[in-house]
Amino acid sequence: MTAQRKADLLLVLVTLCWGSSYLFMKLGLASLQEFNLIGLRFGIAFVVAAVIFNRRLRNLDRKVLKASLFLGSLLFACFVAIVFGVKHTTTANAGFLISLSVIFVPVFSAVLLKKAPQRKVWCGALAALTGIGLLTLQSRLSINAGDGWCIAGAALYGAYIIVTGILTQKVDSITLGVLQLGVAGGWGFAVSALTETPKLPATLENWLFVLGLSLLCSAFGFIGQTAAQRYTTAAHTGLIFSLEPIFAALFAFLFTGETLTLQGYFGATVVLAGVVSVELDSSMLKNLLSTSLHAARKY
C-alpha cells in the first residue's frame with residue numbers, strides 16, 4: 001500500500017469520526033448545556049494533544065501564541081453555531097448543511113484572497129443551494145432555527161479553513177493545531193461559567209459521548225488530518241471529506257432512527273452532488289464517467 005493510499009485511508013477514518021460527531025453532540029446535549037459541552041470537548045482534546053506533542057510546545061513564541069488565540073477563537077465561534085444547530089435540527093440535516101463549508105471556501109477565497117473561483121464552483125454552489133432548499137424548506141417556505149445555525153456554522157468553518165491555510169504558512173502547524181484546541185476549550189469554559197451551570201457528565205454513558213467528541217472527533221480528527229495531508233493531495237482530501245454527511249446520516253439512522261422525507265433525501269443528494277462537483281477536476285470526472293459507462297455496458 002502506497003503512502004498516499006494509507007493517507008487517504010486515514011482521512012476516511014477521520015471523516016468517519018467527524019460524521020459521528022453530530023450524533024455525539026446530539027446525545028451529549030441531552031445532559032449538558034451548549035458551552036459546557038464545547039469546553040469539555042476541546043479542553044480534554046487539548047490535554048491529550050498537548051501530551052502527545054509536548055516537545056513541540058516547549059519553544060513557544062509570541063507569534064504562535066497570537067495566531068493560536070485568533071484561530072482558536074474562530075474555531076470556538078464555529079462550534080457555537082454548530083452545537084446550537086445540532087440541538088435544534090436533525091443529525092442528518094446538520095451533517096449535510098455543515099458540509100457546505102466546501103462551497104464557502106472558494107467563495108470566500110474570491111472575496112478575501114482575490115482568487116476567482118472556477119465556473120464549476122458556481123455550479124456546485126447553485127446545486128448546493130437548491131439542495132438546501134429541498135432539504136430544509138417546509139411547506140410554509142421557512143428554515144428552522146437549527147438549519148440556520150448549521151448554515152452559519154458552515155460559513156464560519158469555511159472562514160476557519162482559509163485562516164488556517166494562511167497561519168500555517170507563518171508558524172508551526174502542529175503547535176498551532178494543539179494550542180487552538182486549548183483556546184476553544186478555554187472560551188467554552190469561560191462562557192459556560194458566566195451563562196450556564198457548568199458540570200461534569202453524571203453517568204458513564206454521558207462520559208462516553210464527551211470522550212467520543214474529545215478523543216475521536218477532536219484530538220484524533222485534527223491530528224490525523226494534519227498527518228495525512230503530508231502524503232496526499234488537496235483534491236483527494238476535499239473529496240474524502242465530502243463523505244462526512246453520508247456518515248452523519250448513517251449514524252443518525254442506526255442509533256436514533258432518524259430518517260428524511262423523500263424530498264429530504266433528494267435534497268441531500270443534490271447537496272452532496274454540489275459538494276463533490278467542486279472537488280472533482282475534469283480529468284477525474286471523465287475517468288469516473290468512463291468507468292461508469294464501461295460497467296453499464298458490461299452488465
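# Helix packing and a salt bridge in a predicted model

The chain averages a pLDDT of 81, and 80% of the residues score at least 70. The model is predicted, and its confidence varies among the elements: helix 2 has the highest mean pLDDT (94), whereas helix 13 (residues 282-298) has the lowest (51). This briefing covers the packing of helix 2 against helix 3 and against helix 8, a salt bridge, and the packing of helix 5 against helix 7.

**Helix 2 with helix 3**

- Two packed helices are described by the angle between their axes and the distance between the axes.
- Helix 2 spans residues 34-52 and helix 3 spans residues 62-88; their axes come within 10 Å and cross at roughly 125°.
- An angle over 145 degrees would count as roughly antiparallel and one of 65 to 115 as roughly perpendicular; helix 2 and helix 3 are therefore oblique to each other.
- The crossing in which helix 2 passes helix 3 is right-handed.
- On the helix 2 side the contact involves Glu34, Phe35, Ile38, Arg41 and Phe42, which meet Leu75, Phe76, Phe79, Val80, Val83, Phe84 and Lys87 of helix 3.
- By residue class, this contact of helix 2 with helix 3 comprises 9 nonpolar, no polar and 3 charged residues.

**Salt bridge between helix 2 and helix 3**

- Side chains of opposite charge can pair when their charged atoms come close.
- The structure holds 2 salt bridges, and one of them joins Glu34 to Lys87, with the closest N and O atoms 2.6 Å apart.
- This pair links distant parts of the chain, since Glu34 lies in helix 2 and Lys87 in helix 3, 53 residues apart.
- Glu34 and Lys87 also belong to the residues through which helix 2 and helix 3 meet.

**Helix 2 with helix 8**

- The axes of helix 2 and helix 8 (residues 173-195) come within 7 Å, crossing at roughly 150°.
- Helix 2 and helix 8 are therefore roughly antiparallel to each other, and helix 2 passes helix 8 in a left-handed crossing.
- Residues of helix 2 in this contact include Phe35, Gly39, Phe42, Gly43, Phe46 and Ala49, while those of helix 8 include Val178, Gly182, Gly185, Gly188, Phe189 and Ser192.
- The contact of helix 2 with helix 8 divides into 14 nonpolar, 8 polar and no charged residues.
- Phe35, Ile38 and Phe42 of helix 2 appear in the contact with helix 3 and also in the contact with helix 8.

**Helix 5 with helix 7**

- Helix 5 (residues 101-112) packs on helix 7 (residues 145-167) at an angle of about 55°, with the axes 8 Å apart.
- Helix 5 and helix 7 are therefore oblique to each other, and the crossing is right-handed.
- Ser101, Phe104, Val105, Phe108 and Ser109 form the helix 5 side of the contact, and the helix 7 side includes Ile151, Ala155, Tyr157, Gly158 and Ile162.
- The residues of this contact are 10 nonpolar, 3 polar and no charged.

Methods:
Residues are numbered from 1 along each chain as its sequence is written. Side-chain values use heavy atoms; hydrogens and water are left out. Axes are lines fitted to C-alpha atoms, for helices over the stretch in contact, and angles run from 0 to 180 degrees between N-to-C directions. Helices (H or I, at least four residues) and strands (E, at least two) are DSSP runs, numbered from the N terminus. Angles under 35 degrees count as roughly parallel, over 145 as roughly antiparallel, 65 to 115 as roughly perpendicular and the rest as oblique. A crossing is left-handed if the near helix is turned anticlockwise from the far one by less than a right angle, and right-handed if clockwise. Contact means heavy atoms within 4.5 Å. Ala, Val, Leu, Ile, Met, Phe, Trp, Tyr, Cys and Pro count as nonpolar, Asp, Glu, Lys and Arg as charged, and the others, Gly among them, as polar. pLDDT is the predictor's confidence in each residue, from 0 to 100. A salt bridge is a side-chain nitrogen of Lys or Arg within 4 Å of a carboxyl oxygen of Asp or Glu.
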